[in-house]
Amino acid sequence: RLRALAGGHMNTLTALLALLALLTLLPPTAPRTVHVDYTPATAPIANPERGFYHYIETRASAPAAYDEEQLRAYRTGEQITLLYCINYLDGLTAQPIPQSFLDHITANLAAVRAAGLKCVLRFAYTDADPTANGEQPPFGDAPPAQVAAHLEQLRPLLEANADVIALLQAGFIGTWGEWYYTDHFVEDPAQPWAVSDAMYALRRQVIDQELAVLPPRLTVAVRYVEAKQRLFDATDPLAAGDAFTATAQARTGFHNDCFLASATDYGTYREGQIETDKAYLAAETQFTPMGGETCNPNPPRSSCPTALAELARFHWSYLNTDYHPEVLAGWAAEGCRDEVARRLGYRLRLVSADLPATAFAGGALPVRLALENAGFAAPINPRPVTVVLRHTLTGAAVTLPLAVEPRRWLPGPHTIDASLRLPAALPPGAYELLLHLPDPHAALAARAEYAIQLANLNTWEPATGYNRLLHTVTISAPAPSLYLPAINR
């Protein structure tokens, strides 16, 4: 009996020891979370696809090569990442674009890429001042069939260089490509303001072809509020649920090339319905790109208070730094030009984060990030957002994608709350956490100048394009699969 009793005790002890050993392998049910606060930065940032731009042109009659070093200086010296790249097809209203000029445009876009910038792209046939002949035709643009032929010629060029195109302004029609003084897209060229439904149908063909020759992630911008409404027979603004889809309406934004120049911004808004047009534009530009230039001093409308209010209301992403000099000088004198430079487009910053101190390979990595967009607009093009784990000893990095849409990060606060799955084969060790918002195009994804820099102190890595989250997580070997916590997908 004593031996049997002793044997029973030994079996119980063995079972208890085995249970204790198993418990040491179990992951904690609630890993310790570390809270991190971030310090905002106030300096200007050379972020992609936003901000002041420089004007640069070339023309078929006098090709002008872009100066790569000058373009690079825009970025490094002025924090400018955008160019307004207008290509005049002058003299080509009745003939194909010569291959030599197509090659010339390609070479110019290669210089843009090498310098780390992008283009707001436009094509036009003439920049002859219409007032020189009393605003009477002919104005010098091309007929619809020739525009269509030229767009087809440009298709391979646009596809091959889509990585350095921020967006395409509709162009082609009228003087400067602004859709007004035209010989062919209006019933009576002497009355350029009277555009019939039939003429808008012709203009819609141009828009449709432009969207067809561009990759689907890129957009086209039109000059006037009325133009978009009549192109798509839509007086209601784009709904949030329809934004960022493949429809032509979702892929068509705006540019205003006479911002603040008059009560109607020189025809951007219609007489008698200015406020209605403004309300429409404010709603649409939540989801479509908006930019342009000033063209006429018009105080007090062109002064800082109205400028800041309307840049915010209409979600401006880009603006000409070269024109109009008097308007821009006025902003500098009044003290708002630097604020405009900081806030054009997006200005994203980390506010705080809640991150785990430990995790298991193959298990969950819960991430909660609080951000704020202090800019005028959200990013205009899609891009991935990823959490990067970088081993503190080996430097090996693992990228985990976040299921978020930065184009919906309108001005204001935003939260990323995700539970990411770690690779089961992730080596144990300490890993620094980083946030990466790279360009979606494969040719630019690894280039730091095309990644988004967050507006925080001590977070940006200019060599990698990563934003450090100022936190390290310790990864342990995989726990038994039976006890892995549930992963929220």
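Okay, let's start with two rings: Phe139 and Tyr181 are both buried. This is a predicted model, by the way, so keep that in mind as we go. How far apart are the ring centres of Phe139 and Tyr181, and how are their planes set? The centres are 5.2 Å apart and the planes sit at 50°, so we call this pair tilted. The two rings come from distant parts of the chain, 42 residues apart. Phe139 is in the loop between strand S4 (118-124) and helix H4 (144-160), while Tyr181 is in the loop between strand S5 (165-169) and helix H5 (197-213).

That's one pair, and a search of the whole structure turns up 11 aromatic pairs. Here's another one for you to find on the screen: Tyr53 and Tyr318. Their ring centres are 6.0 Å apart with the planes at 50°, so this pair is tilted. Tyr53 belongs to strand S2 (residues 51-59) and Tyr318 to strand S9 (residues 318-320), so the pair ties together parts that are 265 residues apart in sequence. Are they buried or exposed? Tyr53 is buried, and Tyr318 is too. And these two have company: ring pairs join Tyr53, Tyr55, Tyr84 and Tyr318 into a cluster.

Rings can have arginines over them as well. Arg337 lies over the face of Phe52, 4.4 Å from the ring centre. Over the face of Tyr200 you'll find Arg203, at 5.4 Å from the ring centre.

Now, helix H9, residues 325-334. Which residues of H9 are buried? They are Val327, Leu328, Gly330 and Trp331. If you look down the axis of H9, the buried residues fall within an arc of 155°, so they line one face of the helix. Swing round to the other side of H9 and you get Glu326 and Ala333, which are exposed. And what covers the buried residues of H9? The cover includes S2, helix H8 (304-313), S9 and helix H10 (337-343). You've met S2 and S9 already: Tyr53 is in S2 and Tyr318 is in S9. After H9 comes Gly335, with a positive phi, near 95°.

Next, empty space. Rolling a probe the size of a water molecule over the atoms shows where space is left. The largest pocket holds about 870 Å³ of space. It is lined by 33 residues, and the closest to its centre are Trp176, Glu178, Arg223, Tyr224 and Tyr266. Which elements give two or more residues to that lining? Those are S2, strand S3 (82-88), H5 and helix H6 (225-231).

There are cavities too: the structure holds two of 30 Å³ or more. The largest cavity has about 100 Å³ of space. It has 15 lining residues, and Gln286, Thr288, Ala378, Pro379 and Ile380 are the closest to its centre.

Last stop: Arg113, which lies in helix H3 (residues 99-115). Why do we call Arg113 buried? Because its relative accessible area is 19%, and the cut-off for buried is under 20%. So what is around it? Leaving out neighbours within four places in sequence, Arg113 is in contact with Ala160, Asn161, Asp163, Val164, Leu444, Arg447 and Tyr450. Try clicking on Arg113 and picking out those contacts yourself, including Asp163 and Tyr450.

Notes: Residues numbered from 1 in each chain as written. Predicted model: local features only at pLDDT ≥ 70, side-chain atom pairs only at ≥ 80, totals over all residues. Heavy atoms only, no water. Phe/Tyr/Trp six-rings, centres within 6.5 Å; stacked < 30°, edge-to-face > 60°. Helix = DSSP H or I, 4+ residues; strand = E, 2+ residues; numbered from the N terminus. Buried < 20%, exposed > 50% of the residue type's maximum accessible area, 1.4 Å probe, protein only. Lys NZ or Arg CZ within 6 Å of the ring centre and 35° of its normal. Arc of directions from axis to C-beta. Contact = heavy atoms within 4.5 Å. 1 Å grid on protein atoms, 1.4 Å probe; cavity = no way out; pocket = protein on both sides within 12 Å on 5 of 7 lines; lining within 4 Å. Points joined across faces, edges and corners; volume = space filled by probe spheres on them.
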